[in-house]
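The exercises below are meant to be worked through with the sequence and the 3D view side by side. Each one sets a task and then gives a solution in steps.

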Amino acid sequence: MADVAVIGGGISGIACARALAARGISVDVLDRGRAIGGRLATQTLRDSGTPWDGRVVDVGASYLTADDPAFVAVVRDWVARGVAREWTDTFHVADAAGIIGPKLGPMRYAAPGGMRSLVVDLASRLPADLVDVRHPVDIAGPVEIGSGGVRVDGADYRAAALCGPDPQMLTLAPAGPVRDALEHSPTWEPVMSLTAVYDGRTWGPLDGVFVNDDAVLTFVADDGRRRGDDAPVLVAHSTPVLAAAHLRDPAAAAPAMLSALHQIVAGVDPDWFTVKRWTYARPTRSRDEDHVLDGVVGAAGDSWARGPRTQAAWVSGDSLGRALADRLAA
Ligand SMILES: Cc1cc2nc3c(=O)[nH]c(=O)nc-3n(C[C@H](O)[C@H](O)[C@H](O)COP(=O)(O)OP(=O)(O)OC[C@H]3O[C@@H](n4cnc5c(N)ncnc54)[C@H](O)[C@@H]3O)c2cc1C
């Protein structure tokens, strides 16, 4: 049996496992998904009736930015190996009526193989003799505290790390400071992510569009330019209010999102579309602390480390892994 159970195979969980393994500590990463990656999510187009079946689309995080030195090093390594690419520093701004103009910002990084491939790459480079990444493994009950460590899903470990959205990790936290911290979580907002496949490009050279003051959309990404293959695929993110109104029936959010996408960017309807629901897409704010750790149970994710964004999830998971390693060595 491994030393530590890391529950959650998103980027925070894999960063935590990486930090533990770097100190020679063995880890089981347990994720309930069919694939690891969490909200760095990539879906494969299937049965779309378009030439793009088999192509992957980024339906979760749109891109990442990096200014933390340790995370910058990770991103540079991805870029050097072609796993990530510089996408753009220029998005456009729009309102409900259409595009207003370009806006310069930080460099946004994307992944030719889809954002999930970044997490898969990190996991693939962990030492196989120390880290076992298992999925789908749905941890149903709370971590139990024992005399010599913890019990997770009937197995004994020296410690456990809960890595992911607070509302999901709350159900796994034993009574105590970690659970208290997760109970005092920021509010988490839902998002609907609409993928739309077109016959061809009807819009100008746009990478991403921030949509302001609209009741339906907040952001639109050109997935073809993001991934670098120029496929005529747009991914639109809804406002939290629209998503909250359709959580039980995500497909019912499509008409309003398609209409807004038509008006603001495309000017035509797509040949095919699908909607993905994110019940816990992102916290409305995040904490300054990097993680919470009490004894041998800790929690990490993008509601820590000055998130919410991918970099914060990585920093949070990495810091929890290092703190747990110190704790286990003491
Ligand atoms: C629509 C959307 C757009 C976004 N856009 C951006 C962006 O442009 N830039 C940016 O930087 N960030 C963006 N983000 C945020 C970014 O995706 C997250 O910050 C990051 O992926 C969080 O990683 P994490 O490891 O903390 O959590 P997650 O990625 O959510 O990983 C948690 C993992 O835990 C697993 N899990 C949960 N419960 C259990 C259980 N009981 N048992 C086993 N496993 C479990 C899940 O399957 C999941 O894989 C976006 C997110 C969404 C949803």
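**Exercise 1. Work out how many disulfides this predicted model contains, and explain the count with the help of Cys-16 and Cys-163.**

Step 1. The rule to apply is that a disulfide is a pair of cysteine sulfur atoms within 2.5 Å, and by this rule the count comes to zero disulfides.

Step 2. The cysteine sulfur closest to that of Cys-16 belongs to Cys-163, and because the separation is 4.4 Å, the two are too far apart for a bond. Seen from the other side, Cys-163 is in no disulfide either, its nearest cysteine sulfur being that of Cys-16, 4.4 Å away.

Step 3. The surroundings of the two residues can be added to the picture: Cys-16 is buried, with a relative accessible area of 0%, and Cys-163 is buried as well, at 3%.

**Exercise 2. Describe the shell of residues around the ligand, beginning with the residues that come nearest and ending with the parts of the chain that supply the shell.**

Step 1. There are 37 residues around the ligand, and those that come nearest are Ser-12, Asp-31, Arg-39, Tyr-63 and Asp-302.

Step 2. Look next at individual atom pairs. A polar side-chain atom of Asp-31 lies 2.5 Å from an oxygen atom of the ligand, while Arg-32 places a backbone N or O atom 3.1 Å from a ligand nitrogen atom. For Asp-138, a polar side-chain atom is found 3.4 Å from a nitrogen atom of the ligand. Taken on its own, the ligand has 1,000 Å² of accessible area, of which the protein covers 94%.

Step 3. Sort the shell by residue class, which gives 16 nonpolar, 14 polar and seven charged residues.

Step 4. Trace the shell back to the secondary structure: helix H1 (11-22), helix H4 (166-170), strand S16 (272-283) and helix H9 (310-329) each supply at least two residues, and S16 gives the most, with three residues.

Step 5. Finally, turn to the domains, where at least three residues of the shell come from each of domain 1 (1-41 + 115-186 + 290-330) and domain 2 (62-114 + 189-282).

**Exercise 3. Find where the cis peptide bonds at Pro-136 and Pro-308 lie along the chain, and describe the setting of His-135.**

Step 1. His-135 and Pro-136 are joined by a cis peptide bond with an omega of about -5°, and Pro-136 is found in the loop between strand S7 (131-134) and strand S8 (144-145).

Step 2. His-135 is found in the loop between S7 and S8, and with a relative accessible area of 37% it is partly exposed. Although His-135 and Asp-31 are 104 residues apart in sequence, their C-alpha atoms are 5.0 Å apart in space.

Step 3. The peptide bond from Gly-307 to Pro-308 is also cis, with omega near 0°, and Pro-308 lies in the loop between strand S18 (297-300) and H9.

**Exercise 4. Decide whether Asp-47 and Asp-153, each with a positive phi, are buried or exposed.**

Step 1. Asp-47 has a positive phi of about 55° although it is not a glycine, and its place is the loop between strand S3 (42-44) and strand S4 (56-58).

Step 2. Asp-153 likewise has a positive phi of about 55° without being a glycine, and it is found in the loop between strand S9 (150-152) and strand S10 (155-157).

Step 3. The cut-off for exposed is a relative accessible area over 50%. Asp-47 is therefore exposed, at 72%, and Asp-153 also counts as exposed, at 54%.

**Exercise 5. Place Thr-88 and Glu-189 in their strands, and relate each of them to a residue elsewhere in the sequence.**

Step 1. Thr-88 is found in strand S5 (residues 85-95), where it is buried, with a relative accessible area of 7%. Its side chain is joined to that of Asp-207 by a polar contact of 3.4 Å.

Step 2. Glu-189 is found in strand S12 (residues 188-197) and counts as partly exposed, at 25% relative accessibility. Between Glu-189 and Ala-231 there is a separation of 42 residues in sequence and of 30 Å in space, C-alpha to C-alpha.

Conventions: Residues are numbered from 1 along each chain as its sequence is written. This is a predicted model: local features need pLDDT of at least 70, side-chain atom pairs count only at pLDDT 80 or more; totals for chains, interfaces and linings use all residues. Side-chain values use heavy atoms; hydrogens and water are left out. Buried means under 20% relative accessible area, exposed over 50%, partly exposed in between (1.4 Å probe, protein chains only). A residue is near a molecule or strand if one of its heavy atoms lies within 4 Å of it. A polar contact is a pair of N or O atoms within 3.5 Å; within protein, one must be able to donate a hydrogen and the other to accept it, and residues adjacent in sequence count only if both atoms are side-chain atoms. Accessible areas come from the Shrake-Rupley method with a 1.4 Å probe; for residues, only the protein chains shown count as cover. Helices (H or I, at least four residues) and strands (E, at least two) are DSSP runs, numbered from the N terminus. Ala, Val, Leu, Ile, Met, Phe, Trp, Tyr, Cys and Pro count as nonpolar, Asp, Glu, Lys and Arg as charged, and the others, Gly among them, as polar. Domain bounds come from an automatic or database domain assignment.
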